[in-house]
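Notebook open, structure loaded. I want to go through confidence, strands, charged pairs and rings, in that order.

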Amino acid sequence: MAIGNVDGHVDTLHKTNGTTEPDADLSCLDISKLHVTLTESPKALPAPETLRFGATFTDHMAVATFEPSTGWSDPEIKPHGPLAIEPSSSCLQYCSNVFEGMKTAKARLFRPELNIRRLQRSAARLALPLIKRLVNIEKRWIPSQQGYSLYIRPTIIGTRVDLGGAASDSSMLYIITSPCGPYFPGGLRPVSLLAIGENVRAWPGGTGDHKVGGNYSPGFLPQRVAAKTRIRADDKRVTEAGGMNFFVVVKRDDGDGHDLITAPLDGTILPGVTRASCLTLASDPAFKEAASLNLHPIERKYTMDDLFQWSSQGKLVEALCVGTAAIVAAVNKIGYEGKDIKLPDYEAGLGPVGMALREKLLAIQEGRDEYEGWSVVCE
């Protein structure tokens, strides 16, 4: 589905198996040609305590389309509403959809270049200025309370009108935004996980390292049946926790602090922005000194057998789910094949490692702490 560019680069267009590749004469997505149509009926802002993740949407959305004969249309920001697409569009028939998840707090974007880079790997490049313009228009929707934010969902869908099984050479880019409250509105609390290997989001040689829509639906049934978040144990190998990356904190045998362990990016693991940020912070001597932590971040393969062994030895001190929505969430129990791994309870709802990472990330996202240019002001 990758077609066209939106950052000033152009490619060539030629026929391949009935689809069309980009042409040097086609227009690029040009933010200077942006058309803005504001709603005549702004919605009332909901009370912050009523916000649920992804359930409330702002007044406007951004849209642009790509056609092989004409290239990118002029982008537009217009009132939020339904999309008009043909029922035979490839996104409906073959799930040629990719998306991103970003947040803005206090009109600041958190590490947007990583989201853009990841979407570029999944499909066409996204114009960051378009996101900034939309956020600026929707500023009144950004909650002011700590822990609240405006969630941003850029999506690209294939719109080729043909039931033939082929890559889409037409697409639509749209961006919608949703105000959201804390992942745990009642305060931080740990979650229980169920480890399964029967239903997986990703597999070797697949598209697990991309945010492709079709990757997620296989995991919905076991999550619903279990009524819990789950981790996947493919051949007993621990990979992810639902739609989030997964970390464990393990005491080192040599007494030199703790290892912060997560699965490597082997093509089945989504390269999460929060995941990358946690690894960077855990490698930073200044962060570790300020948090009084001695951490050793490690990307390695590990199994359910390792978790049971570390737990029985008293070395497994924290397990963490990390992602855009939750930021960092603690795990208190992992069920697998009729047995449970129980983790220590912490009065604050997170252990010292999880709490230090969460508080640092929140401070950066909200602009209370400047760190490596991660928080980008929308101007």
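**Entry 1: confidence**

What is the mean pLDDT of the protein chain, and what share of its residues reach 70 or more? I looked this up before anything else, as the model is predicted. The mean comes out at 82, and 78% of the residues get to 70 or more.

Next I checked where the confidence goes up and down. Strand 16 has the highest mean in the protein chain, at 98, while strand 1 (residues 15-16) has the lowest, at 40. Residues 1-25 stay under a pLDDT of 50, and the model has 68 contacts beyond four places in sequence for them. Residues 121-126 also stay under 50, with 27 such contacts in the model. Note to self: where pLDDT is low, the predicted coordinates should not be read in detail.

**Entry 2: strand 15 and its partners**

I then went to strand 15, residues 244-251. Seven of its eight residues are buried, so I have it down as mostly covered.

Which strands pair with strand 15, and over how many bridges? I found strand 14, antiparallel, with two bridges. Strand 16 is antiparallel to strand 15 as well, with five bridges. Strand 18 (residues 316-323) pairs with strand 15 in the antiparallel sense over six bridges.

For orientation I picked out a bridge pair for each partner. A241 is matched with M244 of strand 15. F247 has T262 in strand 16 as its bridge partner. V250 stands opposite L316 in strand 18.

I also looked at the turns. Strands 14 and 15 make a hairpin with two residues between them, and G242 in that turn has a positive phi of about 60°. The hairpin of strands 15 and 16 has six residues between the strands, and there G255 takes a positive phi near 80°.

**Entry 3: D259**

While in strand 16, I stopped at D259, which sits in that strand. Is D259 buried or exposed? At 13% relative accessibility, D259 counts as buried. I looked for a polar partner and found R252: the two side chains are joined by a polar contact of 2.8 Å. Leaving out residues up to four places away in sequence, D259 touches V248, V249, V250, R252, H296 and I298.

**Entry 4: salt bridges**

A search for salt bridges gave 13 in the structure. I followed up a few of them.

Which residues are linked with R160 in a network of salt bridges? They are D162 and D169. R160 and D162 meet at 3.4 Å, N to O. For R160 and D169 the closest N and O atoms are 4.0 Å apart. R160 is buried at 11% relative accessible area, and D169 is buried at 6%. D162 is partly exposed, at 35%.

I also opened the bridge between D266 and R237, where the closest N and O atoms are 3.2 Å apart. D266 lies in the loop between strand 16 (258-262) and helix 5 (273-283) and R237 lies in strand 14 (residues 237-241), so this pair ties together parts that are 29 residues apart in sequence. D266 is partly exposed at 34% relative accessibility, whereas R237 is buried at 17%.

**Entry 5: aromatic pairs**

The search of the whole structure turned up four aromatic pairs. I wrote up two of them.

Why is the pair of F53 and Y151 edge-to-face? The ring centres are 4.8 Å apart and the planes are at 70°; the cut-off for edge-to-face is over 60 degrees, so the pair qualifies. F53 is in the loop between strand 3 (35-36) and strand 4 (60-67), and Y151 is in strand 10 (residues 149-158), so the pair ties together parts 98 residues apart in sequence. F53 is partly exposed at 42% relative accessible area, but Y151 is buried at 9%.

F66 and W72 have their ring centres 5.4 Å apart and their planes at 70°, so I noted this pair as edge-to-face too. Both F66 and W72 are buried.

**Entry 6: I341**

Last stop was I341, in strand 20 (residues 339-342). I341 is buried, with a relative accessible area of 1%. Beyond its neighbours within four places in sequence, I341 has contacts that include M304, L307, F308 and L316. I also took the C-alpha distance from I341 to S192: 9.9 Å in space, for 149 residues in sequence.

Technical notes
Residues are numbered from 1 along each chain as its sequence is written. Side-chain values use heavy atoms; hydrogens and water are left out. Rings of Phe, Tyr and Trp (its six-membered ring) pair if their centres lie within 6.5 Å; planes under 30 degrees apart count as stacked, over 60 as edge-to-face and the rest as tilted. Helices (H or I, at least four residues) and strands (E, at least two) are DSSP runs, numbered from the N terminus. Buried means under 20% relative accessible area, exposed over 50%, partly exposed in between (1.4 Å probe, protein chains only). A salt bridge is a side-chain nitrogen of Lys or Arg within 4 Å of a carboxyl oxygen of Asp or Glu. A polar contact is a pair of N or O atoms within 3.5 Å; within protein, one must be able to donate a hydrogen and the other to accept it, and residues adjacent in sequence count only if both atoms are side-chain atoms. Contact means heavy atoms within 4.5 Å. pLDDT is the predictor's confidence in each residue, from 0 to 100. Two strands pair if DSSP finds at least two bridges between them.
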